[in-house]
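Here is a set of exercises to work through with the structure open beside you. Each one starts with a task and is followed by a solution in steps.

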Amino acid sequence: MAPRKNAKGGGGNSSSSSSGSPTGCTSGGSSSPGARRETKQGGLKNGRKGGLSGSSFFTWFMVIALLGVWTSVAVVWFDLVDYEEVLGKLGIYDADGDGDFDVDDAKVLLGLKEKPAPKPTVPPEEADMYPWLEDQVLESPGELAFGQREDRALACAVARRRGRVCPAAAAGENLHQEPEGPAEELQPEDHVFVGSDADDRYEPMGPGAVHEETEDSYHIEETASPAYSQDMEDMIYEQENPDSSEPVVVDDAERTYQETDDVTYRDYDEQVYEPLQNEGTESSDNAVDNSNTILEELHVPPAEEQQEVPPETNKKADEPEKKGKVKKKKPKLLNKFDKTIKAELDAAEKLRKRGKIEEAVNAFEELVRKYPQSPGARYGKAQCEDDLAEKRRSNEILRRAIETYQEAASLPDAPTDLVKLSLKRRSDRQQFLGHMRGSLLTLQKLVQLFPDDTSLKNDLGVGYLLIGDNDSAKKVYEEVLSVTPNDGFAKVHYGFILKAQNKIAESIPFLKEGIESGDPGTDDGRFYFHLGDAMQRVGNKEAYRWYELGYQRGHFASVWQRSLYNVQGLKAQPWWTPKETGYTELVKSLERNWKLIRDEGLAAMDKTQGLFLPEDENLREKGDWSQFTLWQQGRKNENACKGAPKTCSLLDKFPETTGCRRGQIKYSIMHPGTHVWPHTGPTNCRLRMHLGLVIPKEGCKIRCANETRTWEEGKVLIFDDSFEHEVWQDATSFRLIFIVDVWHPELTPHQRHSLPAI
């Protein structure tokens with residue numbers, strides 16, 4: 001067997017090598033000078049020419065290959081080369097406007113292909129750059145918590161417009177988690193506000209002035225964090241996909257408002273409605289006009305507690321998508337000048353994408369200083385301020401972002417896509433702060449700039465609904481449907497408006513066809529609720545089929561329990577006993593003092609001060625039904641309690657009811673010939689007690705789910721009004737009861753404190 005050469009290519013003598021002895025190895029390693037010279041001169045060894053063997057060549061090859069691999073890994077891992085900067089320098093030769101240099105651009109550069117016509121941009125504004133986007137900023141009492149609505153008086157203006165007294169406009173469903181600690185905690189207001197957009201005065205509410213939210217109005221609900229829509233993410237300067245001709249797949253749910261309530265909205269990028277339900281109840285009796293309420297959530301309960309699920313997110317996770325993916329091209333955000341500074345824009349944007357928000361803000365501010373005419377730099381600054389506002393939970397920084405979005409859209413030669421996305425985001429952030437009228441102005445400008453974009457018109461319709469201008473919203477949706485008659489989003493909203501106008505039968509086909517379209521924004525619990533409710537009122541037995549479908553799609557807890565603001569995991573049953581609630585002392589006190597409570601109620605009926613107000617939430621098919629409210633949303637009505645002082649003093653001892661910010665305490669009188677439509681309350685977070693005060697012997701009954709009961713004088717009935725219930729008064733004299741709402745007994749103290757008022 002041939003001996004192996006040592007690592008340096010030298011060999012030992014053949015005899016010692018062949019013997020394999022240790023001495024042979026040693027002699028091979030320390031051969032005589034003569035032997036070494038012979039090797040260097042290329043002498044033969046066992047008849048073979050000296051040099052590298054095949055195995056040694058392979059060894060060196062592997063060493064070099066491994067060095068190359070590890071060098072490549074090091075370059076990538078430690079980011080030694082900024083490829084984006086290298087490629088960005090080629091952006092100046094971008095001929096097709098897709099933001100990068102590719103094969104098509106090379107063909108144009110070599111004269112093998114004609115340069116495509118540039119996409120027209122929005123013309124520069126006049127000397128006054130953005131008068132059309134000015135907000136009507138309302139004064140607010142001190143700095144508000146991040147996202148707290150700043151135009152509470154706006155909700156009251158809507159109330160006055162309807163001839164009603166303003167309820168608490170501060171109650172809301174903003175799901176942002178507030179920092180722990182008393183200094184940061186937003187406390188409920190001690191009074192409600194009355195005023196208009198021009199008149200920001202705050203006045204305590206009058207007696208009996210409060211109504212429970214209903215389905216005929218809009219307000220905003222926010223999600224836990226304002227995520228950008230797909231459009232926003234695709235707006236980054238360095239395109240993820242260098243081939244702009246490749247369409248991007250976008251989810252159906254891309255358009256989302258933060259839709260609000262009873263016909264209400266939300267959108268971080270998708271808007272969500274708030275309960276569009278008939279919240280009053282003979283339980284109506286809890287009905288605060290939703291149009292007057294802008295909801296905000298103060299706290300999200302800790303993970304270990306049951307979580308309240310916003311209406312639009314209360315869907316089954318495994319629900320299959322109803323529609324296929326929609327293909328959409330990436331927006332083009334760079335004008336000719338911005339392509340020359342693309343590397344700098346990309347470097348700043350890279351900081352933002354990596355979460356280094358403060359550094360990114362500084363980088364974009366420097367770019368704006370260097371290149372004040374750059375829309376891309378201005379837009380990047382707005383995005384960073386937007387992110388920083390969310391990170392620091394700062395309204396002030398968010399206002400700066402809103403202003404910077406405006407500036408970016410108003411610069412000369414701003415690309416069309418950048419203008420559209422800047423203004424859309426601006427409108428969204430204005431809604432988040434409660435600047436509904438400012439948002440509406442932005443939406444109007446968008447529609448003016450892009451008149452063929454029906455999605456913007458749909459958003460404009462929502463903008464009108466958010467300020468209570470249903471007539472203008474109706475005109476917008478009529479215009480959309482005249483051009484695109486199958487637009488499902490326009491149909492459900494148009495149907496909603498018709499139902500709010502009590503055009504019940506006319507609303508049904510629009511609601512039904514809109515939901516069936518499966519268009520983004522139509523699969524919302526509120527629309528299932530209103531379609532079923534409209535069908536019930538015209539005697540259409542299909543109503544429960546739609547309730548069942550709403551339940552299957554995760555919008556309702558069950559076919560019977562159709563509240564939209566729910567905390568998951570709470571015990572759910574239509575009827576309760578005092579022992580099951582744990583509020584036995586309260587029940588005993590009510591039943592022990594029922595005559596005192598009755599007498600004060602009867603005395604209030606005899607007065608001419610108008611303490612009892614008619615139910616005006618469109619819950620009655622017929623008849624006469626009025627209420628006298630002592631507590632609303634956990635707030636005591638001091639003026640009203642002057643009419644029933646002993647009753648109020650009695651209740652002051654029971655915080656489970658006086659502190660229930662999702663309920664009311666009130667007298668309810670119903671006259672003969674009254675029928676209350678089947679309806680549900682807004683939330684599963686409360687239970688409702690009815691104390692019988694004056695009960696005719698026959699003709700009065702209440703159904704909750706599939707069980708019907710009657711009242712008794714001096715006795716308490718307890719039910720969960722998030723279940724469907726219905727009331728009949730066919731007696732020959734009036735019926736008077738006392739309604740007391742209490743927190744659901746399974747809610748934790750933290751949840752009772754942090755859940756927003758309804």
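Before starting, keep in mind that this is a predicted model. A good place to begin is a pair of residues that meet inside the protein: both D533 and K499 are buried.

**Exercise 1. Work out how D533 and K499 interact, and which helices the pair connects.**

Solution.
- Step 1: Look at the closest N and O atoms of D533 and K499, which are 2.8 Å apart.
- Step 2: Compare that with the cut-off for a salt bridge, a side-chain nitrogen of Lys or Arg within 4 Å of a carboxyl oxygen of Asp or Glu. D533 and K499 form a salt bridge.
- Step 3: Place the partners in the fold. D533 sits in helix α21 and K499 in helix α19, so the pair links distant parts of the chain, 34 residues apart.
- Step 4: Put the pair in context: the whole structure contains 31 salt bridges.

**Exercise 2. Describe how helix α21 is oriented relative to α19 and to α22.**

Solution.
- Step 1: Start with α19 (residues 488–500) and α21 (residues 525–537), whose axes lie 11 Å apart at an angle of about 45 degrees.
- Step 2: Classify that angle. The two helices α19 and α21 are therefore oblique to each other, and their crossing is left-handed.
- Step 3: Turn to α22 (residues 543–552). The axes of α21 and α22 come within 8 Å and cross at roughly 165 degrees.
- Step 4: Classify again. Angles over 145 degrees count as roughly antiparallel, and α21 and α22 are therefore roughly antiparallel to each other. The crossing of α21 and α22 is left-handed too.

**Exercise 3. Describe the packing of α13 and α14, then examine the backbone of R393 in the loop between them.**

Solution.
- Step 1: Find helix α13 (residues 375–392) and helix α14 (residues 395–410), which pack with their axes 8 Å apart at an angle of about 165 degrees.
- Step 2: That angle makes α13 roughly antiparallel to α14.
- Step 3: Assign the handedness: α13 and α14 cross in a left-handed way.
- Step 4: Move to the loop between α13 and α14, where R393 is located. R393 is not a glycine, yet its phi is positive, at about 55 degrees.

**Exercise 4. Find a positive phi in the loop between β10 and β11, and decide whether the residue, Q633, is buried or exposed.**

Solution.
- Step 1: Go to the loop between β10 (625–632) and β11 (635–636), which holds Q633.
- Step 2: Check the backbone: Q633, a residue other than glycine, has a positive phi near 55 degrees.
- Step 3: Check the accessibility. Q633 counts as buried because its relative accessibility is 1%, and buried means under 20%.

**Exercise 5. Compare the surroundings of the two partners in the salt bridge between R620 and E615.**

Solution.
- Step 1: Confirm the contact: the N to O distance between the side chains of R620 and E615 is 2.7 Å.
- Step 2: Take R620, which is partly exposed, with a relative accessible area of 24%.
- Step 3: Take E615, which counts as buried at 3% relative accessibility.
- Step 4: For a contrasting pair, look at R526 and D524, whose side chains meet in a salt bridge at 3.2 Å, N to O. Here R526 and D524 are both buried.

**Exercise 6. Identify the residues linked with D386 in a network of salt bridges.**

Solution.
- Step 1: Start at D386 and look for charged partners; the network also includes R425, D428 and R429.

**Exercise 7. Relate separation along the chain to separation in space for K342 with A377, and for E478 with Y494.**

Solution.
- Step 1: K342 belongs to helix α11 (residues 342–353) and is buried, with a relative accessible area of 8%.
- Step 2: K342 and A377 are 35 residues apart along the chain, and their C-alpha atoms are separated by 9.7 Å.
- Step 3: E478 lies in helix α18 (residues 470–483) and counts as partly exposed at 34% relative accessibility.
- Step 4: E478 and Y494 are 16 residues apart in sequence, with 7.6 Å between their C-alpha atoms.

**Exercise 8. Describe the nonpolar surface patch that contains L66.**

Solution.
- Step 1: Locate L66 in helix α4 (residues 54–77). L66 is partly exposed, with a relative accessible area of 46%.
- Step 2: Add the other patch members, F57, F58, F61, M62, V69, W70 and V73.
- Step 3: Together with L66, these residues have about 860 Å² of accessible area.

Technical notes
Residues are numbered from 1 along each chain as its sequence is written. This is a predicted model: local features need pLDDT of at least 70, side-chain atom pairs count only at pLDDT 80 or more; totals for chains, interfaces and linings use all residues. Side-chain values use heavy atoms; hydrogens and water are left out. Patches are made of residues with over 30% relative accessible area and no salt bridge: like charges are joined within 9 Å, nonpolar side chains (Val, Leu, Ile, Met, Phe, Trp, Tyr) within 5 Å. Accessible areas come from the Shrake-Rupley method with a 1.4 Å probe; for residues, only the protein chains shown count as cover. Helices (H or I, at least four residues) and strands (E, at least two) are DSSP runs, numbered from the N terminus. Buried means under 20% relative accessible area, exposed over 50%, partly exposed in between (1.4 Å probe, protein chains only). Axes are lines fitted to C-alpha atoms, for helices over the stretch in contact, and angles run from 0 to 180 degrees between N-to-C directions. Angles under 35 degrees count as roughly parallel, over 145 as roughly antiparallel, 65 to 115 as roughly perpendicular and the rest as oblique. A crossing is left-handed if the near helix is turned anticlockwise from the far one by less than a right angle, and right-handed if clockwise.
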